Amino acid sequence: PFFIISMLGPWLLRDLRDRAGKELSSDSSEESSDEKEREQAKPHSNILVGAVSLVTFVVLAVSGSTSPLFPLYFRKEFGWNELVVGAIFATGGVVYFISGIYTGHLSDRNVKNPRPSVYPFLVGPLISGLSYIAIGPFPEIPLTKTAQQVSILTAIPCAAIGQSFTIICGMGILTLAARTHSVASGFFNASLNLGLAVGPVMGTMLYDKFGFRWAMAANVGMIVSVLTN
């Protein structure tokens, strides 16, 4: 289901966009010129919510898939115990906390712009994809154990930054769907948590079948597919 949703979801969203057409504007004559320009710049709310939720689902599923894999792989490959792995995860949490402050400020500035952009949101999946390439380089890339350890310790905090952009900027973009903001927020959070639920199952299946580095390569492929579509 994870692969099917990540591959077919963007196509289904494009089809929905073609069928839905443009949302009629209901601006009152008393609105300022900036507010009118902002309203005209809004994409169709259903498409907006669906696209942001789909990307968030894939990114969080990929993130969730790594949670059960890291302790297994790090102990097997590097001999790291549970305390070391826990400290690495804690580093990612601290980085998320710090980056979240900046990301929230950036998101506020973006959604207040008369013509808000989706690019701050898309920075998140891009950073996440690059981070997972560094965490589990493609099997064809030769790396010494020391180089791989440095790559992992650098990439995990970067993955946390990618998550902060995806979640926080995604929530900010959904404020553009003002008429259905509660529904949009609920759908977004449902997609986020569904990704976290599906991810560990998919991650362990890929790990058992293909190994850690191929599992990371598959995760990167899923992020690339949803971004390119």
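# A tour from helix α6 to an aromatic cluster

Start by selecting helix α6 and colouring its buried residues: Pro120, Phe121, Gly124, Pro125, Ser128, Gly129, Ser131, Tyr132 and Ile135. Keep in mind as you look around that this is a predicted model. Now show the whole of α6, residues 119–135. Its 17 residues reach 24 Å from the first C-alpha to the last, close to the 24 Å expected at 1.5 Å a residue.

**Next stop: Val52**

Keep Phe121 on screen, and add Val52, which is in contact with it. You will find Val52 in helix α3, residues 45–66. Is Val52 buried or exposed? With a relative accessibility of 5%, Val52 counts as buried, because the cut-off for buried is under 20%. Which residues touch Val52, if you leave aside its neighbours within four places in sequence? Select Phe121, Gly170, Ile173, Leu174 and Phe188 to see them. Then try a distance label between the C-alpha atoms of Val52 and Ala184: they are separated by 9.9 Å, although the two residues are 132 apart along the chain.

**Two helices that pack**

Hide those residues and bring up helix α4 (residues 69–78) together with helix α9 (residues 212–228). Two packed helices are described by the angle between their axes and the distance between those axes. Here the angle is about 140 degrees, and the axes are 11 Å apart. The crossing of α4 past α9 is left-handed. To see where they meet, show Leu69, Phe70 and Tyr73 from α4, then Phe212, Arg213, Ala215 and Met216 from α9. What kinds of residue make up this contact? There are 6 nonpolar residues, no polar ones and 1 charged.

**Rings along α4**

Stay with α4 and select Phe74 and Phe78. They are 4 residues apart in this helix, so about one helical turn separates them. The structure holds 9 aromatic pairs, and Phe74 with Phe78 is one that is tilted, at 6.2 Å centre to centre and 35 degrees between the planes. Phe74 is buried, with a relative accessible area of 1%, and Phe78 also counts as buried, at 13% relative accessibility.

Now add Trp80. The ring centres of Phe78 and Trp80 are 4.8 Å apart and their planes lie at 35 degrees, so this pair is tilted. Trp80 counts as buried too, at 13% relative accessibility.

**Last stop: the cluster**

For a final view, select Phe70, Tyr73, Phe74, Phe78, Trp80, Phe89 and Phe212, which form one aromatic cluster. Look again at Phe70, Tyr73 and Phe212: you have already seen them where α4 meets α9.

Definitions and conventions
Residues numbered from 1 in each chain as written. Predicted model: local features only at pLDDT ≥ 70, side-chain atom pairs only at ≥ 80, totals over all residues. Heavy atoms only, no water. Helix = DSSP H or I, 4+ residues; strand = E, 2+ residues; numbered from the N terminus. Buried < 20%, exposed > 50% of the residue type's maximum accessible area, 1.4 Å probe, protein only. Contact = heavy atoms within 4.5 Å. Axes fitted to C-alpha atoms, helices over the stretch in contact; angles between N-to-C directions. Left-handed = near helix turned anticlockwise from the far one by under 90°. Nonpolar A, V, L, I, M, F, W, Y, C, P; charged D, E, K, R; others polar. Expected span 1.5 Å × (residues − 1). Phe/Tyr/Trp six-rings, centres within 6.5 Å; stacked < 30°, edge-to-face > 60°.
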